[in-house]
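Me: Please take a close look at a single helix of this model. I should then like to see how the rest of the chain compares in its burial and contacts.

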Amino acid sequence: MSYFLETLQSLWETSGLCNLTWQSCVMILISFGFMYLAIKHKFEPLLLLPIAFGMLLTNLPLTGMYHPELFDISGGKELSFGEILHEGGLLDLLYLGVKLQIFPPLIFLGIGCMTDFGPLIANPKSFLLGAAAQGGIFFTFVGAAFLGFTPQEAGSIAIIGGADGPTAIFVSSKLLGSGGYDIDTGTIALAAYTYMALVPIIQPPIMRALTTKKERSVVMTQLREVTKTEKIIFPIVVTIVIALLIPSAAPLVGMLMLGNLFKESGVVDRICKTAQNELMNIITIFLGISVGATTTADKIINKKFLMVIVLGVVAFCLGTACGVLLGKLMYLVTKGKVNPLIGSAGVSAVPMAARVSQKVGAEENPANFLLMHAMGPNVAGVIGSAVAAGVLLSIIPY
């Protein structure tokens, strides 16, 4: 009888229920909330759902799937790959793809295979709008530093303003990679993908507040047709120029342009389809669930996480405003030929931000068709966010 009771006691003491804390319960409930947003409201479900489930798995006690201590290299310690391979769980092994900056560039490879740079090539001025929309990143970086965040934390928070999840993960995994910070990659990823999903809600009020009815009603002329030769040369030239100027941006920009070259060359259809479908889907699952695994209670249930959420939306709003304001300047310089609304598409949420520009413009003038004009700044924003990431990685020690 005593043996039976001891067995029951041992089973209870080694169960997750016995080791469940209130912090774990809160995190599990938060994961349910993100699952609800992904499933019910379709808020970036392709990544938010895996992130939410990864959050659930890592906060269930004693599962042994993720061990944050294995990745803590603060105090001069070195990352022990042998220890991770022998003692790590499933999510530890998958997280190596984030830690070693493998997954985000591969995501960019798939994005490149699906992106048409034609509108940007047809209207090179779109580069300026895409660059202006990155202003939110650098303004927020300065603001976060003044609020007491370390340069590494400030840079990781600021990149949320680019509205590009893989870029945010890439930058934060490098800057916060040594551990010992109050925020981590999972925190940044949650904020980034949440705000990307809220683009149709956040952007329109800013766009209307900064423009007049007359400006929003501007009908832009049709873009010229771009030749196949131009589309093939473009990714090669962009890769060379950016890699020479900002080498830190080469992994993201290089993979983006390689994917686009696959698409535009027309000679590697099988590779192109694999990169934009099977490969990208697999990497998306691995990236989401492993990033979600880093969202432990000590990183979420604190004051700094709330500050990250607030600064993230500030960065995104400032980026939108910077793009629209440069659009207004171009409207004045061209004497009314540029609709300022396309400037809001300079953030890197493709193609959602371009669709928002189209929708707001059509509300003022139903005959207005801004989508293709907005796609220029939108894809420029993808390049711009990668360049901004490279600048942050160049000026911040990690």
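Reply: A residue is called buried when its relative accessible area is under 20%, exposed when it is over 50%, and partly exposed in between, using a 1.4 Å probe and protein chains only. Helices (H or I, at least four residues) and strands (E, at least two) are DSSP runs, numbered from the N terminus. The model is predicted, so local features need pLDDT of at least 70 and side-chain atom pairs count only at pLDDT 80 or more, while totals for chains, interfaces and linings use all residues. Residues are numbered from 1 along each chain as its sequence is written, and side-chain values use heavy atoms, with hydrogens and water left out.

The helix chosen is H12, which runs over residues 185–197. Of its 13 residues, 12 are buried, which leaves H12 mostly covered. The buried positions begin with Thr 185, Gly 186, Thr 187, Ile 188 and Ala 189, and continue through Leu 190, Ala 191, Ala 192 and Tyr 193. Tyr 195, Met 196 and Ala 197 are buried in H12 as well. Its length also fits a helix: the expected span, 1.5 Å times one less than the number of residues, is 18 Å for H12, and the end C-alpha atoms are 18 Å apart, which agrees.

Helix H9 (135–146) offers a second case. Its 12 residues reach 17 Å from the first C-alpha to the last, close to the 16 Å expected. The buried residues of H9 are Gly 135, Gly 136, Ile 137, Thr 140, Phe 141 and Ala 144. Their cover, judged by contact (heavy atoms within 4.5 Å), includes H8, helix H10 (151–158), helix H19 (303–333) and helix H21 (371–395). After H9 comes Gly 148, with a positive phi near 105°.

Gln 134 lies in the loop between H8 (126–132) and H9. With a relative accessible area of 3%, Gln 134 is buried. Apart from neighbours within four places in sequence, its contacts are Gly 162, Gly 346, Gly 381, Gly 384, Ser 385 and Ala 388.

Two other residues are partly exposed. Asp 116, in the loop between helix H6 (103–114) and helix H7 (118–122), has a relative accessibility of 29% and therefore counts as partly exposed. Not counting residues up to four places away in sequence, Asp 116 touches Lys 231, Lys 263, Glu 264 and Val 379. Lys 231 is 115 residues from Asp 116 in sequence, yet their C-alpha atoms are 8.6 Å apart. Tyr 36, in helix H2 (residues 22–40), is also partly exposed, at 46% relative accessibility. Its C-alpha atom is separated by 8.7 Å from that of Leu 49, 13 residues away along the chain.

These parts belong to a protein with 21 helices and 0 strands. Its radius of gyration, taken over C-alpha atoms, is 22 Å; the globule rule (2.2 Å times the number of residues to the power 0.38) gives 21 Å for 398 residues, so the protein is as compact as a globular protein of that length. The C-alpha atoms fill a box of roughly 90 × 45 × 40 Å along the principal axes. Buried residues make up 54% of the 398. Among contacts between residues at least 6 apart in sequence, 79% join residues at least 24 apart.
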